[in-house]
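Here's a quick tour of a fold for anyone who likes to know which residues sit next to which. Have the structure open and follow along.

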Amino acid sequence: ETPDKRILASDVFGAYGEVAYDLWPLVSKKNLYLAPYFRYEKVNTQFRAPVIAGRSVDPAQDVTILEAGLTFKPHPQIVFKASYRDASNQGTLPVADTLYFGAGFIY
């Protein structure tokens, strides 16, 4: 879309919900953490937009993301994480799914 055809939204919308459950206590009494999780996100950066002749909202800005992952903490200050994100939008172009791996620590 050319810059002169873009439209600036008057309102945006975003929400998410996430659930996780620590499975490690079901396996062992050691102080470890292993939790699968699922996250649902809905984001629309052109939720409400003014009606202007010759311009329209971009349906690709209405995005839904489903994410599933696993968090492992071998120590309370160390974390390893893997997740898969399935993203889609209301537009005609496909959105790439992504696979993430991460690690972190608190010192």
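What follows goes through the sheet, then the charged pairs, then the aromatics and one residue ahead of the sheet.

**The sheet**

Keep in mind that this is a predicted model. Its strands line up as an open sheet of five, in the order β1-β2-β3-β4-β5, with antiparallel pairing. The two edges belong to β1 (11-20) and β5 (98-105); each has a single partner strand, so one side of each is left without a neighbour in the sheet. Going from one strand to the next, the twist averages 20°.

Now for the pairings. Strand β1 runs antiparallel to β2 (residues 33-48), and nine bridges hold that pairing. If you want a landmark there, take A15, whose bridge partner in β2 is K42. Keep K42 in mind, as this residue comes back below.

Further along, β3 (residues 62-75) and β4 (residues 78-89) run antiparallel and are joined by 11 bridges. These two strands make a hairpin, with two residues between them. G69 is a handy marker for this pairing, since its bridge partner in β4 is S83. On the other side of β4 comes β5, again antiparallel, with eight bridges between the two. Here R85 has T98 of β5 as its bridge partner.

**Around K42 and T64**

Which side chain does T64 touch through a polar contact? It's K42, with the two side chains meeting at 3.1 Å. T64 lies in strand β3 and is buried, at a relative accessible area of 16%. Setting aside residues within four places in sequence, T64 has contacts with Y40, E41 and K42, as well as with D86, A87 and S88.

K42 also has a charged partner: its side chain meets that of D62 in a salt bridge, at 2.9 Å from N to O. D62 is in strand β3 and K42 in strand β2, so this pair ties together parts that are 20 residues apart in sequence. Are these two buried or exposed? Both D62 and K42 are buried. So K42 has a bridge partner in A15, a polar contact with T64 and a salt bridge with D62.

**Salt bridges**

Side chains of opposite charge can pair when their charged atoms come close. This structure holds six salt bridges, and the table lists some of them.

| Salt bridge | Closest N to O distance |
|---|---|
| D11 and R48 | 3.4 Å |
| D62 and K42 | 2.9 Å |
| E67 and R85 | 3.3 Å |

Start with D11 and R48, which form a salt bridge. This one links distant parts of the chain, with D11 in strand β1, R48 in strand β2 and their positions 37 residues apart. Both ends are partly exposed: D11 has a relative accessibility of 32%, and R48 comes in at 47%.

Then there is E67 with R85, another salt bridge. It spans 18 residues of sequence, from E67 in strand β3 to R85 in strand β4. E67 counts as buried, at 9% relative accessibility. The pair doesn't stand alone either: E67 and R85 belong to a network of salt bridges that also takes in E18, R39 and E41.

**Aromatics**

There are three aromatic pairs in the structure. One of them brings W24 and F72 together in a tilted arrangement, 6.1 Å centre to centre and with 50° between the planes. W24 lies in helix α1 (residues 24-27) and F72 in strand β3, so the pair ties together parts that are 48 residues apart in sequence. W24 is buried, at 17% relative accessibility, whereas F72 is partly exposed, at 27%.

**Ahead of the sheet**

Last stop: A9, in the segment before β1. It is partly exposed, with a relative accessible area of 22%. What does A9 touch, leaving aside its neighbours within four places in sequence? Its contacts are T45, Q46, R48 and A49. R48 is also the salt-bridge partner of D11. For a sense of scale, A9 and S83 are 31 Å apart in space, C-alpha to C-alpha, and 74 residues apart in sequence.

How values were computed
Residues are numbered from 1 along each chain as its sequence is written. This is a predicted model: local features need pLDDT of at least 70, side-chain atom pairs count only at pLDDT 80 or more; totals for chains, interfaces and linings use all residues. Side-chain values use heavy atoms; hydrogens and water are left out. Two strands pair if DSSP finds at least two bridges between them. Helices (H or I, at least four residues) and strands (E, at least two) are DSSP runs, numbered from the N terminus. Axes are lines fitted to C-alpha atoms, for helices over the stretch in contact, and angles run from 0 to 180 degrees between N-to-C directions. Buried means under 20% relative accessible area, exposed over 50%, partly exposed in between (1.4 Å probe, protein chains only). A polar contact is a pair of N or O atoms within 3.5 Å; within protein, one must be able to donate a hydrogen and the other to accept it, and residues adjacent in sequence count only if both atoms are side-chain atoms. Contact means heavy atoms within 4.5 Å. A salt bridge is a side-chain nitrogen of Lys or Arg within 4 Å of a carboxyl oxygen of Asp or Glu. Rings of Phe, Tyr and Trp (its six-membered ring) pair if their centres lie within 6.5 Å; planes under 30 degrees apart count as stacked, over 60 as edge-to-face and the rest as tilted.
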